Amino acid sequence: MQQISKRARVLTGGAALVALGAGTFGAVSANAATPAAAPAAAVKADAKNKNTTTSTHLTIDAATKAAQAALDAAEKENQRVSVAVVDRNGNTIVTLRGDGAGPQSYESAEKKAFTAVSWNAPTTELVKRLEQAPNLKDIPGTLFLGGGAPVTGKNAPIAGIGVAGAPSGDLDQKFAQAGVDALAK
């Protein structure tokens, strides 16, 4: 068997590395140039097949406007409250904690907003339902006290406004409704 010189081995190894690198580069370039095929499920989900739906959501500006209107209504009556606005899925869009509002009011406002949008009804009405179905209060994330108002669009709930911290649920409800009313202006 013939021994290959060190120089020949280095040249052969270098040539092999260059060829390997060029092959890898070509494969990567070819893959980058070829667009990926769309997943089959995405192609079939379209409006023509009625597989999708469109929903309406409040913008951050609209949610802030509603929250500020509710807070302003409370401040006019010297009430210290927190206000929360949630989207259709109960996710918080914006919260405002008024000066001097109690520490419990922040979470209570979010829960009232969530409850109002979940049932598409003011929480003052939902309190009455507890008489027939007392277990409703056990649903996580809900709070059946006055102060939650739904926001609707095209006859469907799209958001909820919750107010907490006033000495009565009726006052909280009044301030939440002021937030809803501000969206109509």
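Two strands count as paired if DSSP finds at least two bridges between them. Keep that rule in mind while touring this structure, which is a predicted model.

**Start with strand S4**

Select Asp87, then Ala159: Asp87 stands opposite Ala159 in S4. Now step back by one residue and pick Val86, which faces Gly160 of S4. Widen the selection to strand S1, residues 82-87. S1 and S4 pair in the antiparallel sense, and 6 bridges link them.

Which residue of S4 is the bridge partner of Val151? Select Val151 and look across to Ala159 in S4. Val151 lies in strand S3, residues 148-153, which runs antiparallel to S4 and is joined to S4 by 6 bridges. Next, select Lys154 in the hairpin of S3 and S4. This hairpin has 2 residues between the strands, and Lys154 takes a positive phi near 55°.

Finish this stop by selecting all of S4, residues 156-164. Is S4 mostly covered or mostly uncovered? Of its 9 residues, 8 are buried.

**The whole sheet**

Show the 4 strands together. They form an open sheet with antiparallel pairing, in the order S2-S1-S4-S3. Strand S2 (92-97) and S3 are the edge strands, as each pairs on one side only. From one strand to the next, the twist averages 15°. Strands of a sheet pair through backbone hydrogen bonds, either parallel or antiparallel.

**Helices on the sheet**

Select helix H4, residues 105-119. H4 packs on the sheet and touches S1, S2, S3 and S4. The direction of H4 makes about 155° with that of S4. Then select H6, which also packs on the sheet, touching S3 and S4. The direction of H6 makes about 20° with that of S3.

**Where H3 meets H6**

Keep H6 (residues 169-183) and add helix H3 (residues 60-76). Their axes are 7 Å apart, and the helices pack at an angle of about 140°. H3 and H6 are therefore oblique to each other. The crossing of H3 past H6 is right-handed.

Show the side chains at this contact. On H3, pick Ala62, Lys65, Ala66, Ala69, Ala70, Ala73 and Ala74; on H6, pick Phe175, Ala178, Gly179, Ala182 and Leu183. By class, the contact has 10 nonpolar residues, 1 polar and 1 charged.

**Zoom out**

Return to the whole protein, with its 6 helices and 4 strands. From the N terminus on, the elements run α-α-α-β-β-α-α-β-β-α. Of the 185 residues, 34% are buried.

Notes
Residues numbered from 1 in each chain as written. Predicted model: local features only at pLDDT ≥ 70, side-chain atom pairs only at ≥ 80, totals over all residues. Heavy atoms only, no water. Buried < 20%, exposed > 50% of the residue type's maximum accessible area, 1.4 Å probe, protein only. Axes fitted to C-alpha atoms, helices over the stretch in contact; angles between N-to-C directions. Parallel < 35°, antiparallel > 145°, perpendicular 65-115°, else oblique. Left-handed = near helix turned anticlockwise from the far one by under 90°. Contact = heavy atoms within 4.5 Å. Nonpolar A, V, L, I, M, F, W, Y, C, P; charged D, E, K, R; others polar.
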